[in-house]
Amino acid sequence: MDTIHACFKDKIGEVLLPGDVFSFRLPESGDGSIKTDKIICGPGLRRNGEEVQVCKSGILRHKQPNMYWIDSQQRRYVPAKGESVIGIVTAKSGDIFKVDVGGSEQASLSYLAFEGATKRNRPNVQVGDLVYGQFTIANKDMEPELVCIDSCGRANGMGVFGADGLLFKLSLGLVRRLLAPQSEIVKDLEKIFPFELVVGMNGRVWVKAKTVQQTLIVTSLLESCENMTSQQRQTLFKRVAEGSL
Amino acid sequence: NSHMYVCERLCSTEDCIPGTGTYLRHGYIFASLTGYVLRKNEGEELPVISVVRETETQLLPDVGAIVTCKVTSINPRFAKVHILYVGSTPLKDRFRGTIRKEDVRATEKDKVETYKSFRPGDIVLAKVISLGDVQSNYLLTTAENELGVVVAHSEAGAQMVPISWCEMQCPRTHAKEFRKVARVQPEYLQA
């Protein structure tokens, strides 16, 4: 029924606050045929009986045909299953490594969760190393668990990395924009000079370029992309590209 | 039944036979516990005098008893619970119990995920399989159809309704959550 989508349509692209409510009063039609549509509530929206409540502040977004969610800005990361993150190894205790992922608890990483690792062939991981892994268990009741292999047993780009380079922190919204399939920011950055980039969904980014100066330039460009429109960003990148040549 | 203090003299050996909580000294019976005095005629010549802490004896969970417990914390390998009731009698102290991952279900034991069977705060019906050592807790199992989660609250805070042996639904948000649900016999369900 159009009533459901109409309630949301006015507010798409507007800033909503927690506590805002969408209530649907289906019109009482004489013939008794009420067509109900299905809508999918994404992050930030919650159903409460006959209404939909907003539980995070942000902008309401819509994706065809019927998905709605709240796009919110956040810097604190909450571990979720299936997300790939950059972690820092803080301790080795018995068979597991304790890894700091920026959440409320440290995650545990078993030493067998690397490609080609067996009980005799232990992986070469030291305290202070950077690891890129995925969460297998991540909920509010248990300690999160990381693995550096996928379900087939292959590394697939995960594992220990980062002999040089620089690790810094960005907001979660910007990281999601960087990881989008056709990210403009990454495309524009590639034109300036080549560099290696690892992006973790916990807001951590690792960069390595040919010289230290180039690494620092990429770092400060990424940090400044947070609050710029695409126009401002492109002019800035053009100025940097001309200046460095 | 009067209240006794420790080392209080109860009576002489000629009047009663000493029972639990008492000791003999110099021909007199003394109390060794603080509690209530019980005099029982057990068919011998003299009554047996004993001192007990409480008038009712504590019911302890025994192997094979069905207990009602509340989940306190979960772990990928086991769930820790507090035992609240043994059968239908409430316990005065909370005993601690453990439900291991292998004891949650009877079939497909290696595919069990603790997070999809129990959550902290759930009320669970379980059976005692072992009393454990000095250090460890009671070992419990839910590997039967009638055992498992009976009362659970959803993430929104409402009490959930069971829809199958492995799912429960929240009436407010209509979100489904996984639990190992107990099949309660119809005569125990109240309308």
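**Notebook: a sheet in chain A and the A–B interface**

I started at Phe168(A), which stands opposite Val205(A) of strand S16(A). I keep in mind throughout that this is a predicted model.

From there I looked up how the strands are joined. Strand S16, residues 204-209 of chain A, runs antiparallel to S14(A), and four bridges join the two. I then traced the whole sheet: it is open, has three strands, and follows the order S14-S16-S15 in chain A with antiparallel pairing. At its edges I found strand S14 (166-169) and strand S15 (195-199) of chain A, each pairing on one side only. I noted an average twist of 20 degrees from one strand to the next.

Next I asked myself which helix packs on this sheet. My entry reads helix H4 of chain A, residues 212-224, which touches S14, S15 and S16 of chain A. Its direction makes about 145 degrees with that of S16(A).

Then I turned to the partner chain. I found ten residues of chain A in contact with ten residues of chain B. The area buried between these chains is about 940 Å², and carbon and sulfur atoms give 57% of it. In chain A, I listed Arg47(A), Asp141(A) and Met142(A) as losing the most area to chain B, together 53% of what that side buries.

How many salt bridges did I find between chain A and chain B? The count is zero. For polar contact across the interface, I have one residue pair, both at pLDDT 80 or more. Strand S4 (residues 45-48) of chain A gives the most to the side touching chain B, with three residues. By class, I wrote down two nonpolar, three polar and five charged residues for that side of chain A.

Key: Residues are numbered from 1 along each chain as its sequence is written. Chains are lettered from A and ligands numbered from 1 in the order in which they are written. This is a predicted model: local features need pLDDT of at least 70, side-chain atom pairs count only at pLDDT 80 or more; totals for chains, interfaces and linings use all residues. Side-chain values use heavy atoms; hydrogens and water are left out. Two strands pair if DSSP finds at least two bridges between them. Axes are lines fitted to C-alpha atoms, for helices over the stretch in contact, and angles run from 0 to 180 degrees between N-to-C directions. Contact means heavy atoms within 4.5 Å. Buried area is the accessible area (1.4 Å probe) that two parts lose on being put together, summed over both. A salt bridge is a side-chain nitrogen of Lys or Arg within 4 Å of a carboxyl oxygen of Asp or Glu. A polar contact is a pair of N or O atoms within 3.5 Å; within protein, one must be able to donate a hydrogen and the other to accept it, and residues adjacent in sequence count only if both atoms are side-chain atoms. Ala, Val, Leu, Ile, Met, Phe, Trp, Tyr, Cys and Pro count as nonpolar, Asp, Glu, Lys and Arg as charged, and the others, Gly among them, as polar.
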